[in-house]
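Visitor: I've got a structure to look at and I'd like to learn how to read it. Could you walk me through it?

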Amino acid sequence: MDYLTVAMAKGRTADRAMDFLEKSDVRFSDFTDESRKLVIYDDKQTIKLIFVKAVDVPVYVENGAADVGIVGKDVMMEDPRDVYELLDLGIGRCKLAVAGFPGTPVDEMPFLTVASKYPAVAKEYFDKKGIRTEMIKLNGSIELAPLIGMSDVIVDIVETGTTLKENGLVVLQEIAEVSARLIVNKASYATKTADIQQFIKDMKEGLEVRA
Ligand SMILES: Nc1ncnc2c1ncn2[C@@H]1O[C@H](COP(=O)(O)OP(=O)(O)OP(=O)(O)O)[C@@H](O)[C@H]1O
Ligand SMILES: O=P(O)(O)OC[C@H]1O[C@H](OP(=O)(O)OP(=O)(O)O)[C@H](O)[C@@H]1O
């Protein structure tokens, strides 16, 4: 059986994407939130869903290990890959922003230490402004860095703003709007066109039902 292989991260993205697909009658009945399975199939046995780390989704798709991926724009910005980006799913909406203590004069500072999960995005942003930076790559709890004096500012995802607020930080500058995107392997798009178009149609129907 030639499945359409779809890669996504468990958690917020997968929950919403599977909701959309269910609206189009694409169901994964044997999947539960507690499941530790990394590969699941839909009831009609046409889609093979693989669960990978969010940052790895474009890697699987570029290599053809997955035909399709669902991934945040933040991940694509940090590590661009040679894939087609075909649909903005409008889920997982958040912002990439510079944050720090209130009143930090970012644009007047000739040199900044920046802690981020997104060092490439951050460097490009400050380079364009002519601000020299030292990047400190972190993988989580980014908001801690300014609190303990490890960085002047952070570049991170802001959704509700709660994490910043609870740590006495504020958004200083907005860099980009982020939402989940549907990406497609280039060769798969040529060889599995009908399956991919059907998958996109199913996702779109889910989007419309939700709207
Ligand atoms: N509040 C949020 N925090 C983080 N990511 C968010 C948020 N809201 C939406 N997103 C989107 O969800 C995607 C996946 O986030 P998730 O938290 O699952 O991954 P992660 O934190 O990179 O992975 P992990 O938790 O496995 O380290 C992000 O790349 C981003 O596009
Ligand atoms: O604006 P908010 O709604 O508070 O959301 C933003 C927070 O969510 C993300 O962290 P995540 O939950 O992925 O944990 P992490 O620190 O492990 O990255 C992000 O890195 C912020 O810390």
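Guide: Let's begin with a term we'll need later: the domain bounds used here come from an automatic or database domain assignment. Also keep in mind that this is a predicted model.

Visitor: Fine. Into which domains is the protein chain divided?

Guide: There are two: domain 1 covers 4–92 + 179–210, and domain 2 covers 94–178. Taken over C-alpha atoms, their centres are 29 Å apart.

Visitor: And how do I read the contact between them? How many residues of each domain are involved?

Guide: As a general idea, the size of an interface is often given as the accessible area lost when the parts come together. Here we can count residues instead: seven from domain 1 are in contact with nine from domain 2. On the domain 1 side, helix α3 (residues 73–78) brings the largest share, with four residues. Sorted by class, that side has one nonpolar, three polar and three charged residues.

Visitor: Now the ligand. Where does ligand 1 lie with respect to domain 1 and domain 2?

Guide: Check which domains supply its shell. Domain 1 and domain 2 both give residues to the shell around ligand 1, so the ligand lies between them. The shell holds 14 residues, and the closest are Ala54, Gly72, Gly92, Cys94 and Glu159. The elements giving two or more residues to this shell are α1 and α3.

Visitor: What is the shell like by class?

Guide: Six of its residues are nonpolar, four polar and four charged.

Visitor: Let's turn to the sheet. In what order do the six strands come?

Guide: Read across the sheet and you get β2-β3-β1-β4-β11-β5; the sheet is open and its pairing is mixed. β2 (39–41) and β5 (84–88) stand at the edges with a single partner strand each, so one side of each has no neighbour in the sheet. From one strand to the next, the twist averages 25°.

Visitor: Can we zoom in on one pair? How do β4 and β11 run?

Guide: Antiparallel: five bridges join β4 (residues 68–72) to β11 (residues 180–184). Within that pair, Gly69 stands opposite Ile183 of β11.

Visitor: Which strands does helix α1 lie across?

Guide: α1 (residues 12–23) lies across β1 (4–8), β3 (47–51), β4 and β11, and runs at about 140° to β1.

Visitor: One last thing: which feature does UniProt place at residues 53–204?

Guide: An unreviewed UniProt entry gives "domain: ATP phosphoribosyltransferase catalytic" for that span. In the model, the end C-alpha atoms of residues 53–204 lie 24 Å apart, and the span is 33% helix and 32% strand.

Technical notes: Residues are numbered from 1 along each chain as its sequence is written. Chains are lettered from A and ligands numbered from 1 in the order in which they are written. This is a predicted model: local features need pLDDT of at least 70, side-chain atom pairs count only at pLDDT 80 or more; totals for chains, interfaces and linings use all residues. Two strands pair if DSSP finds at least two bridges between them. Axes are lines fitted to C-alpha atoms, for helices over the stretch in contact, and angles run from 0 to 180 degrees between N-to-C directions. Two residues are in contact if their C-beta atoms, placed from the backbone, lie within 7 Å. Ala, Val, Leu, Ile, Met, Phe, Trp, Tyr, Cys and Pro count as nonpolar, Asp, Glu, Lys and Arg as charged, and the others, Gly among them, as polar. A residue is near a molecule or strand if its C-beta atom, placed from the backbone, lies within 6 Å of it. UniProt positions are given in the numbering used here, feature names are shortened, and annotations may be inferred rather than shown by experiment.
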